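Visitor: I've got a structure up on the screen and a few things I'd like to ask. Could you walk me through it?

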Amino acid sequence: MKLLAVVIAAACFLAAAMYWTGAWQIGTSHPGPHHLHAVVFAVIGVLSLVWFRFQSARS
């Protein structure tokens, strides 16, 4: 599960960077940067890192 959390975080941060620069236009109706999509993907990436951290805790 730790590997999955890191992979999801990396993918979300990559997607956030692509949406922020406007290089990625998946699921959008007009061209250009989509900052709201980038923020949402960044938040999901941070939540994935929090999930990773909780997986690292000892029981």
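**Helix H1, its partner and the loop**

Guide: Sure, let's start where H1 stops: just after this helix, Gly22 takes a positive phi of about 85°. Keep in mind that this is a predicted model.

Visitor: How far does H1 reach from its first C-alpha to its last?

Guide: H1 has 20 residues. At 1.5 Å a residue you'd expect 28 Å. The model comes close to that, with a reach of 29 Å.

Visitor: Within what arc do the buried residues of H1 fall, seen down the axis?

Guide: The buried ones are Ala5, Ala9, Cys12, Ala15, Ala16 and Tyr19. An α-helix has 3.6 residues a turn, so residues three or four places apart point the same way. In H1 the buried residues line one face of the helix, because seen down its axis they fall within an arc of 135°.

Visitor: And what do those buried residues of H1 pack against?

Guide: Look at the two sides of the helix. On the other side of H1 sit Leu3, Leu14 and Thr21, which are exposed. The buried residues of H1, for their part, pack against H2.

Visitor: Are the rings of Tyr19 and Phe41 stacked or edge-to-face?

Guide: The structure holds two aromatic pairs. In this one, the ring centres of Tyr19 and Phe41 are 5.6 Å apart and the planes sit at 15°. Planes under 30 degrees apart count as one class and those over 60 as another, so the pair of Tyr19 and Phe41 is stacked.

Visitor: How many residues apart in sequence are the parts that this pair ties together?

Guide: Tyr19 lies in helix H1, while Phe41 lies in helix H2. The pair therefore ties together parts whose separation in sequence is 22 residues.

Visitor: Is Phe41 buried or partly exposed?

Guide: Buried means under 20% relative accessible area. Tyr19 makes that cut at 5%. Phe41 has 27% relative accessibility, so Phe41 counts as partly exposed.

Visitor: Which residues do ring pairs link into a cluster?

Guide: Tyr19 and Phe41 are already paired, with their rings stacked. Add a tryptophan and you have the cluster linked by ring pairs: Tyr19, Trp24 and Phe41.

Visitor: Which residue has its backbone oxygen 2.9 Å from a polar atom of the His34 side chain?

Guide: His34 lies in the loop between H1 and H2, and at 8% relative accessibility it counts as buried. Leaving out residues up to four places away in sequence, His34 touches Tyr19, Gln25 and Thr28. The backbone oxygen 2.9 Å from a polar atom of its side chain belongs to His30.

Conventions
Residues are numbered from 1 along each chain as its sequence is written. This is a predicted model: local features need pLDDT of at least 70, side-chain atom pairs count only at pLDDT 80 or more; totals for chains, interfaces and linings use all residues. Side-chain values use heavy atoms; hydrogens and water are left out. Helices (H or I, at least four residues) and strands (E, at least two) are DSSP runs, numbered from the N terminus. Buried means under 20% relative accessible area, exposed over 50%, partly exposed in between (1.4 Å probe, protein chains only). A polar contact is a pair of N or O atoms within 3.5 Å; within protein, one must be able to donate a hydrogen and the other to accept it, and residues adjacent in sequence count only if both atoms are side-chain atoms. Contact means heavy atoms within 4.5 Å. Rings of Phe, Tyr and Trp (its six-membered ring) pair if their centres lie within 6.5 Å; planes under 30 degrees apart count as stacked, over 60 as edge-to-face and the rest as tilted. The expected span of a helix is 1.5 Å times one less than its number of residues. The arc is that of the directions from the helix axis to the C-beta atoms.
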